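Please look at the sequence and the three-dimensional model together before reading on. The report below moves from the whole chain to its interior, and then to single residues.

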Amino acid sequence: MVVLKNRAKVSVSTTGTGSPITLGAPEDGYQTFAASGVSDGSSVRYILEEDDAFEIGVGVVGSSGTSLTRSVIESSNSNNPINLGGAATVFIGFTAEDADNLFDLNIALG
């Protein structure tokens, strides 16, 4: 199960399509993944954006909150990792898939 936390959005200076990416400084008005309460080894639903490119996936946070693996679910690159140019942002988000899972759980619990 993925961890949801509030206001975690950071810069990403990593380039290319590799994994993991390095989590940088928080964007203005936000906090780092670690400061939001995400611990090493936690899985998060991430949204990674750079210019018009986007990637949604599940990643595992590591290295004291400074790295994130990339396991792409959906992207603007035919659902493959986007090619990062060093000026991206990544944040924790609640996606349609999460809503569907919550809806299914609610129905199952009756």
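What follows describes the chain as a whole, then its core, its salt bridges and some individual residues.

**The chain as a whole**

The structure is a predicted model, and its chain holds 1 helix and 9 strands. Following the sequence from start to end, one meets these elements in the order β-β-β-β-β-β-β-β-β-α. The radius of gyration is 14 Å, close to the 13 Å that the globule rule gives for 110 residues, so the chain is as compact as a globular protein of that length. Along the principal axes, the C-alpha atoms fill a box of roughly 45 × 30 × 25 Å.

Among contacts with a separation of 6 or more, 57% are made by residues 24 or more positions apart. Buried residues account for 35% of the 110 residues, while the exposed surface of the chain comes to about 6000 Å², with carbon and sulfur atoms supplying 49% of it.

**The nonpolar core**

The largest nonpolar core has 17 residues, and those that touch the most other members are Ile-21, Phe-33, Leu-48, Leu-68 and Val-90. Two or more residues of this core come from each of the elements β1, β3 (21-26), β4 (43-50) and β9 (88-92). Leu-48 offers a view of these surroundings: leaving out residues up to four places away in sequence, Leu-48 touches a set of residues that includes Val-12, Ile-21, Phe-54, Ile-82, Leu-84 and Val-90. The contacts of Leu-48 also include the charged residues Glu-55 and Arg-70, which return in the next section.

**Salt bridges**

How many salt bridges does a search of the whole structure find? The search finds 2, and the table lists both pairs.

| Pair | Closest N and O atoms |
|---|---|
| Asp-98 and Arg-45 | 2.6 Å |
| Arg-70 and Glu-55 | 2.5 Å |

The pair of Asp-98 and Arg-45 links distant parts of the chain, for Asp-98 belongs to helix α1 (residues 96-109) and Arg-45 to strand β4, 53 residues apart. Both Asp-98 and Arg-45 are buried.

The pair of Arg-70 and Glu-55 also links distant parts of the chain, with Arg-70 in the loop between β6 (67-68) and β7 (72-75) and Glu-55 in strand β5 (residues 53-62), 15 residues apart. Arg-70 has a relative accessible area of 10% and is therefore buried, and Glu-55, at 0% relative accessibility, counts as buried as well.

**Two residues of one loop**

Gln-31 is found in the loop between β3 and β4, and Ser-42 lies in the loop between β3 and β4 too. Are these residues buried or partly exposed? Gln-31 is partly exposed because its relative accessible area is 22%, whereas Ser-42, with a value of 13%, is buried, since buried means under 20%.

Beyond its neighbours within four places in sequence, Gln-31 is in contact with Asn-6, Arg-7, Ala-8, Lys-9, Val-10, Pro-26 and Ser-36. From C-alpha to C-alpha, Gln-31 and Ser-11 are 11 Å apart in space, although 20 residues apart in sequence. Ser-42, with residues up to four places away left out, touches Val-3, Gly-59, Val-60 and Val-61.

**A patch on the surface**

Leu-4, Phe-94 and Leu-102 make a nonpolar surface patch of about 310 Å². Of these residues, Leu-4 is found in the segment before β1 (9-12), and Leu-4 counts as partly exposed because its relative accessibility is 42%.

Note on methods:
Residues are numbered from 1 along each chain as its sequence is written. This is a predicted model: local features need pLDDT of at least 70, side-chain atom pairs count only at pLDDT 80 or more; totals for chains, interfaces and linings use all residues. Side-chain values use heavy atoms; hydrogens and water are left out. Patches are made of residues with over 30% relative accessible area and no salt bridge: like charges are joined within 9 Å, nonpolar side chains (Val, Leu, Ile, Met, Phe, Trp, Tyr) within 5 Å. Accessible areas come from the Shrake-Rupley method with a 1.4 Å probe; for residues, only the protein chains shown count as cover. A salt bridge is a side-chain nitrogen of Lys or Arg within 4 Å of a carboxyl oxygen of Asp or Glu. Helices (H or I, at least four residues) and strands (E, at least two) are DSSP runs, numbered from the N terminus. Buried means under 20% relative accessible area, exposed over 50%, partly exposed in between (1.4 Å probe, protein chains only). The radius of gyration is taken over C-alpha atoms; the globule rule is 2.2 Å times the number of residues to the power 0.38. Contact means heavy atoms within 4.5 Å. A nonpolar core is a set of buried Ala, Val, Leu, Ile, Met, Phe, Trp, Tyr and Cys residues joined through side-chain atoms within 4.5 Å.
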